[in-house]
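Hello,

Here is the structure I promised to pass on to you. Please have it open while you read, and my notes follow below.

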Amino acid sequence: MGFARVAGVWISAYNQIRFGSRFEHPREACRIMFLVYSLLFGAGVILTAPYYLWRLRGKILSLPDWRERLGYLPARLAPAARTEDSGALWVHAVSVGETLAAARLVWDLQREFPERKLFLSCVTRAGREVGEKRFPGMAGHFYLPLDFRSSVRRVLGRLRPALLLIVETELWPNLLRAAHESGARVVLVNARLSDRSFRGYSLARPFMRRILECVDWIGAQTPKDAERFIQLGAVAERVDVTGNLKFDGEPPRITELAGKLRAGLETSRRGPVIVAASTMPGEEPILLQAWNEIRTQHPQAILILAPRHPNRFEEVSRLLSGAGRTFVRRTTLEKNSQEFARQLAAPETLLLDTIGELAGIFELADIVFVGGSLVPTGGHNLLEPAYWGKPILYGPHMENFRDIAQLFTRAGAAVQVSNSSDLARVILQLMRDDERRRKMGDRAAQLMEEGLGATERTMVRLRTLLDAAVPTHSQI
């Protein structure tokens, strides 16, 4: 089908859905819209495949991984339930952040519904690894299938879920529609819509209304998120404000690394300690420019730099080397305590090139900068450093965490900075003002305490839905 033909069908179907009451067969228009979406999605997969293959260059592509993404699950993931059984629970969390946010909710589901098999899907390899580590007792872990109708039907046929629970906002049309038609309850928990996502979805509001008709319940993070879902077409009675699950996350643990770092930094008389967490491409040069000014006044200060994605560890290492920076990689630190301290004595930066250790390292920080915010990537979570009662800085791009960022800023627990000079200025001010740093940290910890409860509010509704769930698993 040529592009002009596809566009014509899309526009025709769009208009029929938008003005359905004026047309004889609005249901047929809906089917056409999903068909055209599938065609466009398939074209998008083909067109972007070279880019993703380029990004994966040099890495081993696992055939089982590809099979899972096409909906062919391993044989060990046997059918979880029959029509007469209680039905499985399928939780989907796109990556690490969503997996960690849903941890307590998943544990509650396991405890309260032990008779139901529970599965976790992710999109990223890092998310899957964290899920396998955090939830070893699950019935299975797998990659979310691409949003082809055939792929998602294969997975639904294998798992036979009574509930599809999606963490935050993964609105895959074919997945939601097929799950709904299979008889499963479909819910969005910890749901949010950033300004950018809302603008994008609003361009196809009639189609979004059809998609959201497949969702049985939405637990939104904030009243603003709830209102946005309703504006897109969600039924108001199916939308509640439950709060942010991330406030209920598992408390970060002081790891072995954190203890050794503390001893090594004290022995080598390094400090203050600045943690730059979850940095993104283009952000490290801005941070290093600020760090030049900070080091002139605090030559013993140390920057713990933690890139967000593991595939950037080498890139950031080359950037530091190319800029003539003295640094040590976490993976090269010796286990011997004396050697550990010696390695920390001189470098201005510690590059945290591991996964899973950042949360415990926040405890060592005097000030934390939350990355992904000096460049337009939406920002990252403020709550882990807040748990440790640390003063927090972030840049102007916090769209993905706008409400938390605003809450912390209004309460005096965080400060927004705009560029490298602004970042250096605020850090230097805080270094000179111990009382202000203490008050910011205390307020951050207090906000963490006040934000608890989203998990239980979500569980109240899930209990009701699961009690009423009678999976039919009809042919879709």
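**What I found**

Let me begin with one pair of strands: β9 (residues 302-307) runs parallel to β11 (residues 349-351), and three bridges join them. Within that pair, L305 has L351 of β11 as its bridge partner. Please keep in mind that this is a predicted model.

Both strands belong to an open sheet of seven strands with parallel pairing, ordered β10-β11-β9-β8-β12-β13-β14. Its edges are β10 (327-329) and β14 (414-416); each has a single partner strand, so one side of each is left without a neighbour in the sheet. From one strand to the next, the twist averages 20°. What lies across β9 and β11? That is helix α13 (residues 284-297), which also lies across β8 (273-279) and β12 (367-370) and runs at about 175° to β9.

There is another open sheet of seven strands, again with parallel pairing, and its order is β3-β2-β1-β4-β5-β6-β7. Here the edge positions go to β3 (140-143) and β7 (239-241), and because each has a single partner strand, one side of each has no neighbour in the sheet. Ignoring direction, neighbouring strands of this sheet are turned by 20° against each other on average.

At the β3 edge, the partner is β2 (residues 118-122), and the two pair in the parallel sense over four bridges. If you would like a residue to look for there, C122 stands opposite Y143 in β3.

Now for the helices around that sheet. Helix α8 (residues 173-182) packs on the sheet and touches β1 (88-92), β4 (161-167) and β5 (185-191). The direction of α8 makes about 155° with that of β4. Helix α11 (residues 223-232) lies across β5, β6 (217-220) and β7, and its course is at about 170° to β7.

One more helix deserves a look: α10 (residues 205-212). How many of its eight residues are buried? Six are, so α10 is mostly covered. The buried ones are P206, F207, M208, R210, I211 and L212.

Finally, a word on confidence. The protein averages a pLDDT of 87, and 87% of the residues score at least 70. Two stretches call for care, though: pLDDT stays under 50 over residues 1-13, where the model has 14 contacts beyond four places in sequence. It also stays under 50 over residues 19-24, with three such contacts.

Happy browsing, and best wishes

Conventions
Residues are numbered from 1 along each chain as its sequence is written. This is a predicted model: local features need pLDDT of at least 70, side-chain atom pairs count only at pLDDT 80 or more; totals for chains, interfaces and linings use all residues. Side-chain values use heavy atoms; hydrogens and water are left out. pLDDT is the predictor's confidence in each residue, from 0 to 100. Contact means heavy atoms within 4.5 Å. Two strands pair if DSSP finds at least two bridges between them. Axes are lines fitted to C-alpha atoms, for helices over the stretch in contact, and angles run from 0 to 180 degrees between N-to-C directions. Buried means under 20% relative accessible area, exposed over 50%, partly exposed in between (1.4 Å probe, protein chains only).
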